[in-house]
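Open the model in your viewer and keep the selection tool at hand. This tour goes from the whole chain to single residues.

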Amino acid sequence: MEKTLELVFNKSDGTKKTLSIAEPRADVTLADAQAAAGKIIEANVLTSGGEALIEFVEARIKTVTVSVLA
């Protein structure tokens, strides 16, 4: 299974942006995600469509099962 940590932000235009991080640590917590999201917002280093990320909305783990066809 492949896991991805998704951090969801509100942008300055009112829309949402999801930042995906491949293969997060197995023990990642909501507090870890909130701290990382806060640093991303504070540093103002990422934009989406020219709009700033202004607020952390949620963190979630996405798990995908990949099956190779033979």
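The stops below start with the overall fold and then move to single residues.

**The whole chain**

Begin with everything shown as a cartoon. This is a predicted model. The secondary structure comes to one helix and four strands. Trace the chain from its start and the order reads β-β-α-β-β.

Now rotate the C-alpha trace. Along its principal axes the trace spans about 45 × 25 × 15 Å. The radius of gyration is 14 Å, where a compact globule of 70 residues would have one near 11 Å.

Switch on the surface. About 5000 Å² is exposed, and carbon and sulfur atoms supply 53% of that area. Of the 70 residues, 19% count as buried.

Colour by charge next. There are 8 positive and 10 negative side chains. The centres of these two sets lie 2 Å apart.

One last global value concerns contacts between residues at least 6 apart in sequence: 59% of them join residues at least 24 apart. Several of the stops below show such links in detail.

**Stop 1: the aromatic pair**

Select Phe9 and Phe56 and show their side chains. The protein has one aromatic pair. How are the rings of Phe9 and Phe56 arranged? Their centres are 6.4 Å apart and their planes meet at 75°, so the pair is edge-to-face; the cut-off for that class is over 60 degrees.

Look at where the two rings come from. Phe9 belongs to strand S1 (residues 2–11) and Phe56 to strand S4 (residues 51–64), so the pair ties together parts 47 residues apart in sequence.

Is each ring buried or exposed? Phe9 is buried, at a relative accessible area of 0%. Phe56 is partly exposed, at 21%. The limit for buried is under 20%.

**Stop 2: Ala37 on the helix**

Keep the two rings on screen and add Ala37. This residue sits in helix H1. Ala37 is buried, with 0% relative accessibility. Which residues does Ala37 contact, leaving aside neighbours within four places in sequence? They are Phe9 and Phe56, the two partners of the aromatic pair.

Draw a distance from Ala37 to Thr18. Their C-alpha atoms are 11 Å apart, with their positions 19 residues apart along the chain.

**Stop 3: Leu7 in strand S1**

Step back along strand S1 to Leu7. Leu7 is buried, at 1% relative accessibility. Show everything that touches it, not counting residues up to four places away in sequence. The list is Lys17, Thr18, Leu19, Ile21, Ala33, Ile40, Phe56, Glu58 and Ala59.

Then draw a line from Leu7 to Ala36. The two are 29 residues apart along the chain, and their C-alpha atoms are separated by 9.1 Å.

**Stop 4: Val57 in strand S4**

Move to Val57, in strand S4. Val57 is partly exposed, at 35% relative accessibility. How far is Val57 from Val8 in space, C-alpha to C-alpha? The distance is 5.3 Å, although 49 residues separate them in sequence.

With neighbours within four places left aside, Val57 is in contact with Val8, Phe9, Asn10 and Lys16. Phe9 is thus back in view.

**Stop 5: the start of the chain**

Go to Met1, in the segment before S1. Met1 is exposed, at 73% relative accessibility. Its contacts, leaving aside neighbours within four places in sequence, are Thr63, Val64 and Thr65. Pro24 is 23 residues from Met1 in sequence and 13 Å away, C-alpha to C-alpha.

**Stop 6: two positive phi angles**

Finish in the loops, with backbone angles displayed. Most residues other than glycine have a negative phi.

Select Glu23. Its phi is positive, about 50°, although Glu23 is not a glycine. Glu23 lies in the loop between strand S2 (16–22) and helix H1 (30–43). The residue is exposed, with a relative accessible area of 54%.

Now select Asn44. Where is Asn44 placed? It is in the loop between H1 and strand S3 (47–48). Here too phi is positive in a residue other than glycine, with a value near 55°. Asn44 is partly exposed, at a relative accessible area of 49%.

Terms used:
Residues numbered from 1 in each chain as written. Predicted model: local features only at pLDDT ≥ 70, side-chain atom pairs only at ≥ 80, totals over all residues. Heavy atoms only, no water. Helix = DSSP H or I, 4+ residues; strand = E, 2+ residues; numbered from the N terminus. Rg over C-alpha atoms; globule rule 2.2 N^0.38 Å. Buried < 20%, exposed > 50% of the residue type's maximum accessible area, 1.4 Å probe, protein only. Contact = heavy atoms within 4.5 Å. Areas by Shrake-Rupley, 256 points an atom, 1.4 Å probe, with all protein chains shown as cover. Lys, Arg positive; Asp, Glu negative; His and termini not counted. Charge placed at Lys NZ, Arg CZ, Asp CG, Glu CD. Phe/Tyr/Trp six-rings, centres within 6.5 Å; stacked < 30°, edge-to-face > 60°.
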